[in-house]
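I opened this notebook to record what I looked up in one protein model. The entries follow the order in which I worked.

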Amino acid sequence: MSRAAVPGLPSRHPIGAQLPALYADADFTQRFTAGLDTVLAPVFATLDNLPAYLDPRVAPADFLAWLASWVGGVDDPGWPLELRREAAVRAMELHRRRGTRNGLVEALRLVLGVGADVSGDGAAVWSRTAGTGLPPAPSGEVLIRVWPDRTETVDAGRVHELVRALCPVHTAYRVDVLTGPPTDEGGRRHA
């Protein structure tokens with residue numbers, strides 16, 4: 001990200017016009033302050049537009065990665081610009097839902113463009129009665145079924161990376177890649 005001088009960008013606040021009347025007709029002073037105006041014009045333009053820089057929906061494209069890093073969002077320069085903007089906008093919402101089924105499904109859809117279905121409880125057990133032993137341990141495996149949605153194919157490696165980053169560390173999971181949304185029989189699997 002770099003904000004540099006833009007040739008011909010006028011300053012909204014020219015220094016020469018703000019000087020006392022004594023310097024208004026001084027040629028050297030006006031030329032000197034015009035040089036400073038050229039240097040300061042991008043700074044004033046950035047400060048005047050600061051709210052736009054902080055809104056991922058309208059921020060400059062080269063600013064998005066930095067903005068997404070502020071909120072722990074995912075940003076990939078290879079994504080289309082609109083997807084990068086949406087990922088930055090929805091970063092806080094996804095953080096609130098991190099580690100949940102819905103959060104994982106939404107992150108997979110947003111980041112990788114795949115549909116997903118998550119089943120299993122991740123070996124969470126509890127008892128409704130205080131002081132009693134825990135119920136028998138469940139299998140503990142979470143099944144994540146993914147299929148192409150916005151994309152033509154599913155990159156299983158990227159799905160595993162994202163799931164590993166978003167699932168609680170103690171959770172065992174399995175990823176099945178399907179050719180389409182699951183049916184009542186459990187879905188159609190890639191060959």
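The entries below go from the overall fold to single pairs of residues.

**Entry 1. Overall layout**

I began by noting that this is a predicted model. I looked up the secondary structure and found eight helices and three strands. Read from the N terminus, the order of the elements is α-α-α-α-α-α-α-β-β-α-β. I then looked up burial, and 30% of the 191 residues are buried. The accessible surface of the protein comes to about 12,100 Å², and carbon and sulfur atoms supply 58% of it. I also looked up the contacts with a separation of 6 or more: 53% of them join residues 24 or more positions apart.

**Entry 2. The nonpolar core**

Which elements give two or more residues to the largest nonpolar core? I first noted that this core has 24 residues, and that L104, L108, L112, I144, V146, V159 and V163 touch the most other members. The elements giving two or more residues to the core are helix 5, helix 7, strand 1 (114–119), strand 2 (141–148), helix 8 (156–166) and strand 3 (172–177). Helix 7 provides the largest share, six residues. As a general note, nonpolar side chains in soluble globular proteins tend to be buried together.

I followed L104 further. Apart from neighbours within four places in sequence, L104 is in contact with V118, I144, V163, L166 and C167.

**Entry 3. Helix 5 and the loop after it**

I looked up the buried residues of helix 5 (residues 81–89) and found L83, R84, R85, A87 and A88. These buried residues pack against helix 4, helix 6 (91–96) and helix 7 (101–112).

I then turned to R90, which lies in the loop between helix 5 and helix 6. Is R90 buried or exposed? R90 has a relative accessibility of 13%, so it counts as buried. Leaving out neighbours within four places in sequence, R90 is in contact with E106, R109 and L110. I also looked up the C-alpha atoms of R90 and A107, which are 9.5 Å apart, while the two residues are 17 residues apart along the chain.

**Entry 4. Salt bridges**

How many salt bridges does the structure hold? I found 14. R90 appears again here, in a network of salt bridges that links E86, R90, E93, R97, E106 and R109. Within this network I looked up E93 and R97, whose closest N and O atoms are 3.1 Å apart. E93 is partly exposed, with a relative accessible area of 26%, and R97 is partly exposed with a relative accessible area of 26%.

I next looked up D117 and R145, which form a salt bridge with their closest N and O atoms 2.5 Å apart. D117 lies in strand 1 and R145 in strand 2, so this pair ties together parts that are 28 residues apart in sequence. D117 is partly exposed at 26% relative accessibility, whereas R145 is buried at 16%.

I also recorded the salt bridge between R174 and D176, where the closest N and O atoms are 3.5 Å apart. R174 is partly exposed, with a relative accessible area of 37%, whereas D176 is buried, with 11%.

**Entry 5. Aromatic pairs**

I looked up the aromatic rings and found five aromatic pairs. One of them is F28 with F32: the ring centres are 6.1 Å apart and the planes lie at 20°, so the pair is stacked. F28 and F32 are four residues apart in helix 2 (residues 27–48), and therefore about one helical turn separates them. F28 has a relative accessibility of 58%, so it counts as exposed.

Another pair is Y53 with F63, which is edge-to-face, with 5.3 Å from centre to centre and 85° between the planes. Y53 is in helix 3 (residues 50–53) and F63 in the loop between helix 3 and helix 4 (64–70), ten residues apart. Y53 is buried, with a relative accessible area of 12%, and F63 is buried, with 7%.

**Entry 6. Aromatic cluster and surface patch**

Y53 and F63 belong to one aromatic cluster together with W66 and W70. I looked up W70, which is found in helix 4 and is partly exposed, with a relative accessible area of 46%. W66 and W70 also join L50 and L54 in a nonpolar patch on the surface, and the four have about 410 Å² of accessible area together.

Notes: Residues numbered from 1 in each chain as written. Predicted model: local features only at pLDDT ≥ 70, side-chain atom pairs only at ≥ 80, totals over all residues. Heavy atoms only, no water. Phe/Tyr/Trp six-rings, centres within 6.5 Å; stacked < 30°, edge-to-face > 60°. Buried < 20%, exposed > 50% of the residue type's maximum accessible area, 1.4 Å probe, protein only. Contact = heavy atoms within 4.5 Å. Core = buried A, V, L, I, M, F, W, Y, C linked by side-chain atoms within 4.5 Å. Patch = residues over 30% accessible without salt bridge, like charges linked within 9 Å, V, L, I, M, F, W, Y side chains within 5 Å. Areas by Shrake-Rupley, 256 points an atom, 1.4 Å probe, with all protein chains shown as cover. Salt bridge = Lys/Arg side-chain N within 4 Å of Asp/Glu carboxyl O.
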